[in-house]
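Hi,

Here is the structure I said I would pass on. Have a look at it first, and my notes follow underneath.

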Amino acid sequence: MKNISHLILIIAFTVSSCSNDSGNSDIDISTQLETDSSQLFDLNNDGVLDVFYEFPGDEYYELVDRNFDTRVDESSRFSLDDILVSRRIDSNFDGFLETEIFYELGTANKITVDSDNNQLIDIVFTLEFGEILFAERFSDSQQEISEITKVLFEFGFPSGEPEITTTTLTASEFSELHD
Ligand SMILES: [Ca+2]
Ligand SMILES: [Ca+2]
Ligand SMILES: [Ca+2]
């Protein structure tokens with residue numbers, strides 16, 4: 001996948017430099033190639049493509065429709081040298097990519113979730129060496145009182161009793177803290 005995406009990048013950049021430098025005769029070809037580079041793989045072989053690439057600037061995105069309903073539910077951001085920076089996922093396939101995984105040197109070090117799709121992060125997983133250390137969930141369902149529920153993890157599973165503390169943070173402040 002990496003090599004292919006790299007190849008696509010090269011094609012895309014070659015095409016864009018060609019179309020800038022040369023005359024009208026090249027335009028048809030470059031348009032054709034750009035169309036091909038924006039649509040790639042058909043994972044379930046149903047004739048509908050499920051993997052796409054976008055190249056907005058000094059990074060690129062790999063977009064995947066994992067459940068083949070024609071909606072993208074996984075968006076991975078890569079640097080131009082193929083380093084995975086972050087990945088957004090629609091875990092429950094409701095059309096909103098609520099989960100975001102952040103990577104450092106190829107290993108996940110933080111996961112954030114906007115569980116109610118209101119553009120605010122309310123669940124944060126903190127990882128070390130790719131393993132979840134603990135998760136924190138912000139809740140302001142109690143009137144006037146906001147709470148953070150913290151759960152420790154061991155061997156990838158919640159461990160022990162959740163620890164609930166009240167907080168003066170607002171939902172926005174909690175979200176900004178982890179954005
Ligand atoms: Ca398909
Ligand atoms: Ca989908
Ligand atoms: Ca979702």
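A residue is called buried here if 20 or more other C-beta atoms lie within 10 Å of its own. By that count, buried residues make up 9% of the 179 residues in the chain. Keep in mind that this is a predicted model.

On to the overall layout. The chain has three helices and ten strands. Reading from the N terminus, the order of elements is α-α-β-β-β-β-β-β-β-β-β-β-α. As for contacts between residues at least 6 apart in sequence, 15% of them join residues at least 24 apart.

How are the ten strands arranged in the sheet? They form an open sheet in the order 1-2-3-4-5-6-7-8-9-10, with antiparallel pairing. Strand 1 (51-54) and strand 10 (157-167) sit at the edges with a single partner strand each, so one side of each has no neighbour in the sheet. On average, neighbouring strands of this sheet are turned by 15° against each other, ignoring direction. As general background, strands of a sheet pair through backbone hydrogen bonds, either parallel or antiparallel.

Now some of the pairings, beginning in the middle of the chain. Strand 4 (residues 84-89) pairs with strand 5 (residues 99-104) in the antiparallel sense, over four bridges. Across that pairing, R88 stands opposite E100 in strand 5. Strand 5 is also joined to strand 6 (residues 107-113), by six bridges and again antiparallel. There, E104 has T107 in strand 6 as its bridge partner. The hairpin of strand 5 and strand 6 has two residues between the strands, and L105 takes a positive phi near 50°.

Further along, strand 8 (residues 131-139) and strand 9 (residues 146-154) are our next pair. Six bridges join strand 8 to strand 9, and the two run antiparallel. One of the bridge partners to look up is T149 in strand 9, which is matched with R137. This hairpin has six residues between its strands, and E144 has a positive phi near 70°.

Strand 9 then goes on to strand 10, to which it is joined by eight bridges, also antiparallel. T149 turns up again here, as it stands opposite I164 in strand 10. E154 has F157 in strand 10 as its bridge partner. Two residues lie between strand 9 and strand 10 in their hairpin, and F155 in the turn has a positive phi of about 55°.

One last residue for you: T167, which lies in strand 10. Is T167 buried, exposed or partly exposed? It counts as partly exposed, because it has 14 C-beta neighbours inside 10 Å, and that class lies between the buried cut-off of 20 or more and the exposed cut-off of 12 or fewer. Which residues does T167 touch, leaving aside its neighbours within four places in sequence? The contacts of T167 are S146, E147 and I148. With S146, the C-alpha atoms are 5.5 Å apart, although the two residues are 21 residues apart along the chain.

That's what I have for now. Shout if you would like to go through any of it together.

Cheers

Definitions and conventions: Residues are numbered from 1 along each chain as its sequence is written. Chains are lettered from A and ligands numbered from 1 in the order in which they are written. This is a predicted model: local features need pLDDT of at least 70, side-chain atom pairs count only at pLDDT 80 or more; totals for chains, interfaces and linings use all residues. Two strands pair if DSSP finds at least two bridges between them. Axes are lines fitted to C-alpha atoms, for helices over the stretch in contact, and angles run from 0 to 180 degrees between N-to-C directions. Two residues are in contact if their C-beta atoms, placed from the backbone, lie within 7 Å.
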